[in-house]
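Please look through the sequence and the structure shown below before reading on. The paragraphs that follow go from the whole chain to its sheet, and then to single residues.

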Amino acid sequence: MLIAATTIMAAGSSGGGSSFFLLIILALGVMWLIVIRPQRRKQKLQQSMQTELAVGDEILTAGGVYGTVTEIGEDEVRVEIAPNVEVRLARRAIAAQLTEHDPVDESDAAEPEDASDERSESAVDAESDEEKPG
């Protein structure tokens, strides 16, 4: 009787150990979805914002100072915070880019900006061909 009770307890405890292990794995998965994944997405957005930075962009620093980018270096940026007042900042210190850039669509870049320009150029070419003998 004593042997049967210990066998049942051992079987029950091994099932509890595997369910505890599954619970730990599930908790780690939830933590990854809630904490780690959004943090990585935020880091990628911050890095892309810093690489797309251009001269003339209005920015907000991590210290809360607004300014306009005047020069961009490899790891640092010069920012004008008042007329004739420039500061040198690390790129990491830029918290936000306030100037929005329009994404360039490849189909727009291939087409001429104005179709009337294209027609006027062809009309000029046609006139010059008429003037030439031959």
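The protein chain has an accessible surface of about 11,100 Å², and carbon and sulfur atoms account for 58% of that area. The model is a predicted one, and the values below are computed from it. Of the 134 residues of the protein chain, 10% count as buried. Among the contacts that join residues at least 6 apart in sequence, 36% link residues that are at least 24 apart.

The secondary structure of the protein chain consists of three helices and five strands, and along the sequence these elements follow the pattern α-β-β-β-β-β-α-α. One of the helices is α1, which covers residues 2-51.

How are the five strands ordered in the sheet? They form an open sheet in the order β4-β3-β2-β1-β5, and the pairing is antiparallel. Strands β4 and β5 (94-97) stand at the edges with a single partner strand each, so one side of each of these two strands is left without a neighbour in the sheet. On average, and with direction ignored, neighbouring strands of this sheet are turned by 45° against each other.

The pairings can now be followed one at a time. Strand β1 (residues 58-61) runs antiparallel to β2 and is joined to β2 by three bridges, and within this pairing L60 has Y66 in β2 as its bridge partner. Strand β2 (residues 66-72) is in turn joined to strand β3 (residues 76-82) by four bridges, again with the two strands running antiparallel. Here V69 stands opposite V79 in β3, and the connection from β2 to β3 is a hairpin through three residues.

Strand β3 also pairs with strand β4 (residues 85-90), in the antiparallel sense and over six bridges. In this pairing E80 has E86 in β4 as its bridge partner. The two strands β3 and β4 form a hairpin with two residues between them.

The turn of that hairpin deserves a closer look. N84 lies in the loop between β3 and β4, and its phi is near 65°, a positive value in a residue other than glycine. Most residues other than glycine have a negative phi. N84 counts as exposed because its relative accessibility is 77%, where exposed stands for over 50%.

From the turn, attention can move to the buried side chains. Which residues make up the largest nonpolar core? This core has eight residues, namely M49, L53, I59, V69, V77, V79, L89 and I94. V69, whose place opposite V79 was described above, is in contact with both V77 and V79 when its neighbours within four places in sequence are left aside. The other contacts of V69, counted in the same way, are L53, A54, V55, G56, D57, I59 and R78.

Another member of this core, M49, is found in helix α1. M49 counts as buried because its relative accessibility is 11%, and buried stands for under 20%. If its neighbours within four places in sequence are left aside, M49 is in contact with I94, A95, A96 and Q97. M49 and Q97 are 48 residues apart in sequence, yet their C-alpha atoms are 7.0 Å apart in space.

Charged side chains give a further set of links. Side chains of opposite charge can pair when their charged atoms come close. How many salt bridges does a search of the whole structure find? The search finds two. In one of them the side chains of R78 and E71 meet, at 4.0 Å from N to O. R78 counts as partly exposed because its relative accessibility is 32%, and E71, at 45% relative accessibility, counts as partly exposed too.

The other salt bridge is formed by E76 and R88, whose closest N and O atoms are 3.5 Å apart. E76 lies in strand β3 and R88 in strand β4, so this pair ties together parts that are twelve residues apart in sequence. With a relative accessibility of 37%, E76 counts as partly exposed, whereas R88, at 55%, counts as exposed.

Conventions:
Residues are numbered from 1 along each chain as its sequence is written. This is a predicted model: local features need pLDDT of at least 70, side-chain atom pairs count only at pLDDT 80 or more; totals for chains, interfaces and linings use all residues. Side-chain values use heavy atoms; hydrogens and water are left out. Two strands pair if DSSP finds at least two bridges between them. Buried means under 20% relative accessible area, exposed over 50%, partly exposed in between (1.4 Å probe, protein chains only). Contact means heavy atoms within 4.5 Å. Accessible areas come from the Shrake-Rupley method with a 1.4 Å probe; for residues, only the protein chains shown count as cover. Axes are lines fitted to C-alpha atoms, for helices over the stretch in contact, and angles run from 0 to 180 degrees between N-to-C directions. A nonpolar core is a set of buried Ala, Val, Leu, Ile, Met, Phe, Trp, Tyr and Cys residues joined through side-chain atoms within 4.5 Å.
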